[in-house]
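Q: I'm new to reading protein models, and I'd like a close look at a single part of this one. Could you pick out one helix and walk me through what goes on in it and around it?

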Amino acid sequence: MSDIPMTTVALLCAASLAAGWIDAVVGGGGLLLLPALLLGLPPATPAAWALGTNKAVAIVGTTGAAVTYARRAPVDVGTAVRIGLAALAGSSAGAFLAAGMSTAVLKPVIMAVLLGVAAFVILRPAFGTAPAPGPATRRQKLAAIGLAGLGIGFYDGLIGPGTGTFLVLALTALLRLDLVTASATAKIVNCCTNAGALAMFAYQGTVLWKPAALLAVFNLAGGTLGARTALEQGSGFVRVVLLTVVFALVANLAYEQWAA
C-alpha cells in the first residue's frame with residue numbers, strides 16, 4: 001500500500017464499504033469494487049491481480065453477510081450449499097470456455113435479458129414480496145441447482161458482472177422466496193463460488209494480500225450492515241435496490257460493449 005497515495009487508499013476503502021453493502025442487499029458489489037481497484041492500484045498492476053484481490057476482499061464481506069442472514073432469515077443452508085457447489089462447477093466450465101469465446105456477442109443478449117427482468121419486476125410489484133407457503137419441493141430445488149447453480153455459475157465464469165443479482169432473481173423465481181430470503185441464500189452460494197475463484201487466483205499468485213486485508217475489513221463492515229439493512233427494511237427496499245443495480249449493470253455492459 002506504500003505505492004498508493006493515502007487519498008486513493010481512503011477512496012478504495014470507501015468503495016469497498018459501499019460494495020459490501022450493495023452486494024449484501026442484492027448482489028452486484030463487484031460492479032463498484034473491481035473498477036475501483038483497476039483505477040486505484042498502481043498503473044503497472046496487471047488486471048489479473050485486481051481480479052484476484054477483488055475476490056480476496058469480496059469473500060470476506062460475502063461471508064459476513066451470509067452469517068448475518070443465516071442467523072435471522074429462514075435460509076435453507078443445505079439447499080444453498082448444493083446450489084453453490086453446482087455454481088462452482090458451472091463457473092469452472094464457463095472459465096474454461098471463456099478463452100475461446102467472444103463475450104462481445106453475448107453482452108447485448110445479457111442487456112436485453114436484464115431490461116426484460118427490470119420490466120417484469122416493475123410491472124409485477126408483488127414479485128418477491130412474500131414467500132410461497134410451505135417448503136420448496138424437490139423439483140423446485142433441482143431446478144434451482146440446475147438453473148441458478150450450473151447456469152448462473154457458468155455465466156459467472158464466462159462473463160461475470162451481476163452474478164449475485166442474477167442469483168437473487170433466479171432464486172426468487174425458482175424457489176418462490178421473498179427477496180430478502182433470496183438475497184440471504186445467494187450470499188451462501190456466492191461464498192462457494194468466491195472460494196473456488198480465490199483458490200485459483202491464490203494458486204496463480206495473483207492476489208495482493210496486504211491491500212486485500214485492509215479493504216476486506218471495510219467490505220466486511222459493509223456486508224454485515226447491508227444484510228442488517230435488508231432484514232430490517234424488508235423486500236420492498238430490496239426491490240428498489242435491485243432495480244437500481246440492474247440498470248447500473250445494463251449501463252456498465254453497454255459502456256464495455258460500445259464505448260470502451
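A: Here is a tour of helix α8, starting with the helix itself and then moving out to the parts around it. Keep in mind that this is a predicted model.

Let's begin with the length. Helix α8 covers residues 179-204, which makes 26 residues. Counting 1.5 Å a residue, you would expect a span of 38 Å, and the end C-alpha atoms are 36 Å apart, so the two values agree. If you try the sum yourself, the expected span is 1.5 Å times one less than the number of residues.

Now for the two ends. At the N-terminal end, D178 acts as a cap: one of its side-chain oxygens is 3.0 Å from the backbone nitrogen of V180. At the other end, α8 is followed by G205, and the phi of G205 is positive, near 75°.

What leads into the helix? The loop between α7 and α8 holds R176, and this residue is worth a pause. Most residues other than glycine have a negative phi. R176 has a positive one, near 55°, and R176 isn't a glycine. With a relative accessible area of 48%, R176 is partly exposed, because that class runs up to 50%.

Next, look inside α8 at N194, which lies in this helix. Is N194 buried or exposed? Its relative accessibility is 7%, so N194 counts as buried; the cut-off for buried is under 20%. The side chain of N194 also has a partner: it makes a polar contact with the side chain of T62, at 3.5 Å.

Helix α8 also helps to form the walls of pockets. The largest pocket has a volume of about 1300 Å³. Which element gives the largest share of its lining? That's α8, with eight residues. In total, 46 residues line this pocket, and those nearest its centre are L51, N54, K55, D156 and G160. Sorted by class, the lining has 19 nonpolar, 22 polar and five charged residues.

There is a second pocket to visit, too. The second largest pocket has a volume of about 310 Å³. It is lined by 18 residues, with G134, P135, A136, L175 and L177 closest to its centre. Two elements, α6 (138-158) and α8, give two or more residues to this lining. By class, nine of the lining residues are nonpolar, five are polar and four are charged.

Since α6 turned up beside α8 in that second pocket, let's follow it for a moment. Q140 sits in helix α6. Its relative accessibility is 19%, so Q140 counts as buried. A polar atom of the Q140 side chain lies 2.9 Å from the backbone nitrogen of T137.

Helix α6 is also where we meet an aromatic pair. Searching the whole structure turns up two aromatic pairs. One is made by W21 and F237, which meet edge-to-face, 5.9 Å centre to centre with 80° between the planes. This pair joins distant parts of the chain, with W21 in helix α1 (residues 6-26) and F237 in helix α10 (residues 235-259), 216 residues apart. W21 has a relative accessibility of 24%, so it counts as partly exposed. F237, at 26%, counts as partly exposed as well.

The other pair brings us back to α6. The ring centres of Y155 and F166 are 5.2 Å apart and their planes are at 80°, so this pair is edge-to-face. Angles over 60 degrees get that name. Y155 is in helix α6 and F166 is in helix α7 (residues 163-174), so the pair ties together parts that are 11 residues apart in sequence. Both Y155 and F166 are buried, and for F166 the relative accessibility is 13%. You can also place F166 against A66: they are 100 residues apart in sequence, and their C-alpha atoms are 17 Å apart in space.

To finish, here's a stop at helix α9 (residues 209-233), where you'll find L225. At 49% relative accessibility, L225 counts as partly exposed. Its C-alpha atom is separated by 27 Å from that of L174, and the two residues are 51 residues apart along the chain.

Terms used
Residues numbered from 1 in each chain as written. Predicted model: local features only at pLDDT ≥ 70, side-chain atom pairs only at ≥ 80, totals over all residues. Heavy atoms only, no water. Helix = DSSP H or I, 4+ residues; strand = E, 2+ residues; numbered from the N terminus. Polar contact = N/O pair within 3.5 Å; in protein donor to acceptor, adjacent residues only side chain to side chain. 1 Å grid on protein atoms, 1.4 Å probe; cavity = no way out; pocket = protein on both sides within 12 Å on 5 of 7 lines; lining within 4 Å. Points joined across faces, edges and corners; volume = space filled by probe spheres on them. Nonpolar A, V, L, I, M, F, W, Y, C, P; charged D, E, K, R; others polar. Phe/Tyr/Trp six-rings, centres within 6.5 Å; stacked < 30°, edge-to-face > 60°. Buried < 20%, exposed > 50% of the residue type's maximum accessible area, 1.4 Å probe, protein only.
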